[in-house]
Amino acid sequence: MPAKTDHDKSKPEHAPPHYLGHRERLRERFYSAGADALSDYELLEMALFPALPRRDTKPLAKSLIKTFGSFAEVVHAPVSRLREVDGVGESAIHQLKLLAAAAHRVAKGGVNSRNALSSWNEVIDYCRTSMAFAEKEQFRLLFLDKRNQLIADEVQQTGTVDHTPVYPREVIKRALELSATALILVHNHPTTPIRSRWITLNTGETSMK
């Protein structure tokens, strides 16, 4: 009888995890075809690679997309709700919140480099990046100089799901501290579109969209 062996010599003793080849193919497609060639869950898979280096991130990415709806909604989801998803740990949450912060910083940096707040479309696009997924009402102030460049972006008050207080004295005080020429008041309702009011401080003119 042939002697028994501890290992089947026809198979490698330490076969690499199956998902490593998938990761490499996904990276190649990302760099060769661009991000638009990837679906939301595939992009989320890649985003979770650093947080879960020894785990197949595809099932988790699909679960997150199914739960929240889109890549943007996943990264902006409240931490408490992310923790409710099976398989989401602190490392994954940290990675997702880092992505949300990076998206906001990139949008803010882009505004600071040009006169990007000179039209309502640009204002709304900028505000959506910052607060479109907020669960509570915010009263946000965008302070501008005379060339409509952003000086500061600040949340003055955060309220409940349907209420937030506004204190005009604090608004004007802060505008004077920053020597702002104009400011944009932004107020969101978690279930309805963002509303904005633009105030030019030196003339008192206002407009709303």
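User: Okay, so a salt bridge is a side-chain nitrogen of Lys or Arg within 4 Å of a carboxyl oxygen of Asp or Glu. How many salt bridges does the count come to by this rule?

Analyst: The count comes to six. Before we go on: this is a predicted model, where local features need pLDDT of at least 70 and side-chain atom pairs count only at pLDDT 80 or more, while totals for chains, interfaces and linings use all residues. Residues are numbered from 1 along each chain as its sequence is written, and side-chain values use heavy atoms, with hydrogens and water left out.

User: Cool. Which residue does Glu-154 form a salt bridge with?

Analyst: Glu-154 pairs with Arg-174, and their closest N and O atoms are 2.6 Å apart. This pair links distant parts of the chain: Glu-154 is in strand E2 (residues 150-158) and Arg-174 is in helix H8 (residues 168-177), 20 residues apart. Helices (H or I, at least four residues) and strands (E, at least two) are DSSP runs, numbered from the N terminus.

User: Are those two buried or exposed?

Analyst: Neither, really. Glu-154 has 23% relative accessibility and Arg-174 has 27%, so both count as partly exposed. Buried means under 20% relative accessible area, exposed over 50%, and partly exposed is in between (1.4 Å probe, protein chains only).

User: What else is Arg-174 linked to?

Analyst: Arg-174 also forms a salt bridge with Glu-177, with 3.0 Å between the closest N and O atoms. Those two are three residues apart in helix H8, which means about one helical turn separates them. Glu-177 is partly exposed at 48%. Put together, Glu-154, Arg-174 and Glu-177 are linked in a network of salt bridges.

User: And what does Glu-24 pair with?

Analyst: Arg-27, with the closest N and O atoms 3.8 Å apart. They sit three residues apart in helix H1 (residues 18-33), so about one helical turn lies between them. Glu-24 is partly exposed at 40%, and so is Arg-27 at 31%.

User: New topic: the inside. Which residues in the largest nonpolar core touch the most other members?

Analyst: Leu-44, Leu-64, Leu-82, Val-88 and Leu-96, out of 21 residues in that core. Helices H2 (40-48), H3 (58-68), H4 (71-75) and H6 (90-112) each supply at least two of its residues. The largest share, five residues, comes from H3. By core I mean a set of buried Ala, Val, Leu, Ile, Met, Phe, Trp, Tyr and Cys residues joined through side-chain atoms within 4.5 Å.

User: What does Leu-82 touch?

Analyst: Leaving out residues up to four places away in sequence, Leu-82 touches Leu-64, Phe-68, Val-74, Ala-77, Val-88, Ile-93, Leu-96 and Lys-97. Contact here means heavy atoms within 4.5 Å. Apart from this core lies another one, of 12 residues, among them Leu-117 and Trp-120.

User: Last thing, rings. How many aromatic pairs turn up?

Analyst: One, in a search of the whole structure. Phe-30 and Tyr-31 are edge-to-face, at 5.1 Å centre to centre with 80° between the planes. Rings of Phe, Tyr and Trp (its six-membered ring) pair if their centres lie within 6.5 Å; planes under 30 degrees apart count as stacked, over 60 as edge-to-face and the rest as tilted. Phe-30 is partly exposed at 24%, while Tyr-31 is exposed at 66%.
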